[in-house]
Structures are given as C-alpha cells and as structure tokens.
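Welcome, and please open your viewer. We will go from stop to stop, with something to select at each one.

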Amino acid sequence: MSKQRLSKQQHRRIQAAQDRYRVDGDLAGEPGLVIARFGKQVLIEAENGDRRTTTLRRHAEDPVAGDDVVWTPQGEHGVIEALLPRRTVISRPNSQGVLRPVAANIDRLLIVIAPQPLAQANLIDRYLVAAAHAGIEASLVVNKADLLRDAPSVLQLAEIYRHLGIEVLATDQFSDPTAHALSDLVASQTVALVGQSGVGKSSLIQRLLPDLEIRIGALSDAVGLGRHTTTAAALYHLPGGGRLIDSPGVREFHLSHLSKDAIAAGFIEFEPFLGLCRFRDCSHSHEVRCAILEAHERGEISADRLASYRQIVSSMS
Ligand SMILES: Nc1nc2c(ncn2[C@@H]2O[C@H](COP(=O)(O)OP(=O)(O)O)[C@@H](O)[C@H]2O)c(=O)[nH]1
Ligand SMILES: [Mg+2]
Ligand SMILES: [Zn+2]
C-alpha cells in the first residue's frame, strides 16, 4: 500500500501508467496481477500472493488475465486504479464485431489441436496470424494423442507446421513424459492456450498443476463468483515459475481487424516473397508475376496454406 514497498522498476511502471492514463495526482496503490475477469469483477493477485476481487475505478481499458495493474484495498475487496502498459495482447472481435482483449503480456501462444474435435488447418493458421501480429511466439500441441490412431490426418497436419519451423508437441492425459515436455516448453514464460472448445486445454492445464486449490474453480467458488468461470480467460501459476492462461474455446477466430498485409505476414513461408510481386496490391490469386504463386508453383508454398490464406482474406470483406 505504501509506495516504499515498491521496487524501483515497479515505481517506474506505475509512473508510466500514470502518464499513459493521465491519472491525477499521486497514484497510490500496489502492483497486482489480473488472474481472471468476470464481468465487472476482476480477480487479482497481490504481490504477496493473496487474491481478491476488485472493481474498476477507471475505464481506460479492459483488464484481462495477465494484465499488470495498480490497485488499492477497499475492505475485503479492492479497486483497480490503473492498468499498466502491456507488452503484448491477444484480441479478437466479440459477437458484435468489437475488438476485445482476451489475454495480456503473453510470450507464447500454445495452439491446441486434437483428433476430437477434429483439427482445422484454417483455425491454426488464424491463430498463427494473430500471434505474428501480436509479436508472440507460437507452438502447436497435438492433444488426445491416444485418439490419433482413428485420425492419422491430424499428424500429417502437424507435420506441415513442423516443416514451417513451428515447435510441435504431442500429448495426452495418460502420459507423464509429455507433461514434462510441456512444462519445459513453458519454462518461465507466460503461455496462453488457445483452440477449439473440447480439445482438452483445461485438462492439459490441470495436469500441470500440483495443487487443487489454485484451480480457478475452487477459487471462484471461494469468492462467490459461481460458474461464470468458464467464459473468461484465467491465469495459473506453474510450480516452475511459468504461467498458463486458459482461454475459452472458439469455433471461429475472426481476424477482421487486420489488414491483408498483416495476414500475409502471419504466413511465415510467404515472408521471403512479400513485396516481390509485380503489382503492389497483388491479391496472390491470379496475377501474372505474383511471387507467391510462383513460389507455390516451385513447391515452396503448399496449396493448403495458400488456400487458407485466401480463405482468411476473403472472409474479411
Ligand atoms: N481421449 C482423451 N480425452 C481427453 C484428453 N484430454 C482431455 N480429454 C477430454 O476432452 C474433453 C474436453 O476437455 P477440456 O479440457 O474441457 O477441453 P477444453 O474445452 O479445450 O478446455 C473432456 O471430456 C476431457 O476428459 C486426452 O488426452 N485424451
Ligand atoms: Mg476449457
Ligand atoms: Zn502476389
């Protein structure tokens, strides 16, 4: 609560927040980490690890899981005074088409796919575009590996991404070694799990947690938040120091807020050819001397990925 308790770095960040959000006068408060957002209530973790529900004083921006905030206690609860600047943010348009943050300060996106529900290449590509646009690393997790015998196409799909240089892990809830590989991948980073509903994201996270009590379910019951939990992204600490953010599953991941160039930039194998087409506004679909189409003809860009790119671009208009 007193400013003396803050380190120099924390002090600087609060100063930066003050400048950014034009908070009047002295910003008294202490740093906190947003664990989850439930409507108007924000569950935060204080520096000492205590958790409490807070509300927002100012509406500068929506706090989401992973956000750093400055807050002050108010009885058993608290008030968020300011949101500190984000290193990275993953956003997506809501059902009204309004762009909303989902999770903040993420180092890596873990795209989770499975044989059931069957993995969709286009959804993977959309997440990869979103990651590239946000400046976040991305890896692929093939979950429910125990079901792969019935759906070998999922492994072929994963191979495409491995060839693109994306790290691919196969896991299932019955094997420990894969859980260790996953922990190693997370290391001390903040990692957000994304993917279709039902691919096993929440199960995966629970497997890596040693302590039942830090599960969001138990926790939200304790603070009386009931069952809103499944609709919000939530942050979990791993014993090794990493953080995992579970996000609600989506069937579609809209990228309507991005430009065509931003989408092309999310297709990693297009990179050497971007800017080399004859026409500056080339749509890479039928143009003569299109560097992307030529690369495809030479076998350097797969038909599937090219089709996926076009699908995303055409879904925007
Ligand atoms: N066969 C199999 N089923 C799994 C595995 N992991 C999770 N499931 C099941 O898949 C369903 C969805 O899991 P959940 O974690 O809720 O998925 P989420 O929607 O991505 O969070 C549940 O019924 C899990 O029991 C796995 O490795 N193998
Ligand atoms: Mg889930
Ligand atoms: Zn082109």
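**Setting out**

Begin with a strand pairing: select Leu109 and Ala192, which is the bridge partner of Leu109 in β11. Keep in mind along the way that this is a predicted model. Then zoom out to take in the whole protein, whose secondary structure comes to nine helices and 13 strands. Of its 317 residues, 36% count as buried. Among contacts between residues at least 6 apart in sequence, 65% join residues at least 24 apart.

**Stop one: strand β8**

Select residues 108-113, which form β8. Is this strand mostly covered or mostly open? It is mostly covered, with six of its six residues buried. Now show the side chains: Arg108, Leu110 and Val112 point one way, while Leu109, Ile111 and Ile113 point the other way. Both sets are buried.

Next, add the partners of β8. Strand β9, residues 137-142, runs parallel to β8 and is joined to it by six bridges. To see a point along this pairing, select Arg108 and look for Glu137 opposite it in β9. Strand β11, residues 190-194, also pairs with β8 in the parallel sense, here over four bridges.

Now trace the path from β8 through helix α2, residues 121-134, to β9: these three elements make a right-handed β-α-β unit.

**Stop two: Leu109**

Return to Leu109, found in β8. Why does Leu109 count as buried? It does so because 27 other C-beta atoms lie within 10 Å, where 20 or more are enough for a residue to be called buried. Leaving out residues up to four places away in sequence, Leu109 touches Tyr127, Ala131, Ile136, Ala138, Ala192 and Val194. Pick Ala138 from that group and draw a distance between C-alpha atoms: Leu109 and Ala138 are separated by 4.6 Å, although they are 29 residues apart along the chain.

**Stop three: turns and loops beside β8**

Step back along the chain to strands β6, residues 89-93, and β7, residues 99-104, which run antiparallel and are joined by five bridges. Select Ile90 to find its bridge partner in β7, Ala103. Five residues lie between the strands of this hairpin, and Gly97 takes a positive phi near 85°.

Move on to Asn105, in the loop between β7 and β8. Its phi is near 55°, a positive value in a residue other than glycine. Asn105 counts as buried because it has 23 C-beta neighbours inside 10 Å.

For the loop on the other side, between β8 and α2, select Pro117. Which form does the peptide bond from Gln116 to Pro117 take? That bond is cis, with omega near -5°.

**Stop four: helix α5 and ligand 1**

Select residues 201-208, helix α5, and colour its buried residues: Lys201, Ser202, Leu204 and Ile205. They cover an arc of only 160° around the axis, so they sit on the same side of α5. Among what covers these buried residues are β8 and β11, along with β12 (234-237) and β13 (243-246).

Now show ligand 1. Which residues around ligand 1 come nearest? Of the 14 around it, the nearest are Asp172, Gly200, Lys201, Ser202 and Ser203. Notice that Lys201 and Ser202 are also in the buried set of α5. Colour the shell around ligand 1 by residue type, and you will find two nonpolar, eight polar and four charged residues.

**Stop five: two more loop residues**

Select Ser175, in the loop between β10 (168-170) and α4 (176-186). Is Ser175 buried or partly exposed? It is partly exposed, because 14 other C-beta atoms lie within 10 Å. Add Asp146 to the selection: Ser175 and Asp146 are 29 residues apart in sequence and 9.4 Å apart in space, C-alpha to C-alpha.

End the tour at His284, in the loop between α7 (260-265) and α8 (291-297). His284 has a positive phi of about 55° although it is not a glycine. It counts as buried because it has 24 C-beta neighbours inside 10 Å.

Technical notes
Residues numbered from 1 in each chain as written. Chains lettered and ligands numbered in written order. Predicted model: local features only at pLDDT ≥ 70, side-chain atom pairs only at ≥ 80, totals over all residues. Buried ≥ 20, exposed ≤ 12 C-beta atoms within 10 Å, placed from the backbone. Helix = DSSP H or I, 4+ residues; strand = E, 2+ residues; numbered from the N terminus. Pairing = 2+ DSSP bridges. Right-handed = clockwise from strand over helix to strand, strands pointing away. Arc of directions from axis to C-beta. Contact = placed C-beta atoms within 7 Å. Near = placed C-beta within 6 Å. Nonpolar A, V, L, I, M, F, W, Y, C, P; charged D, E, K, R; others polar.
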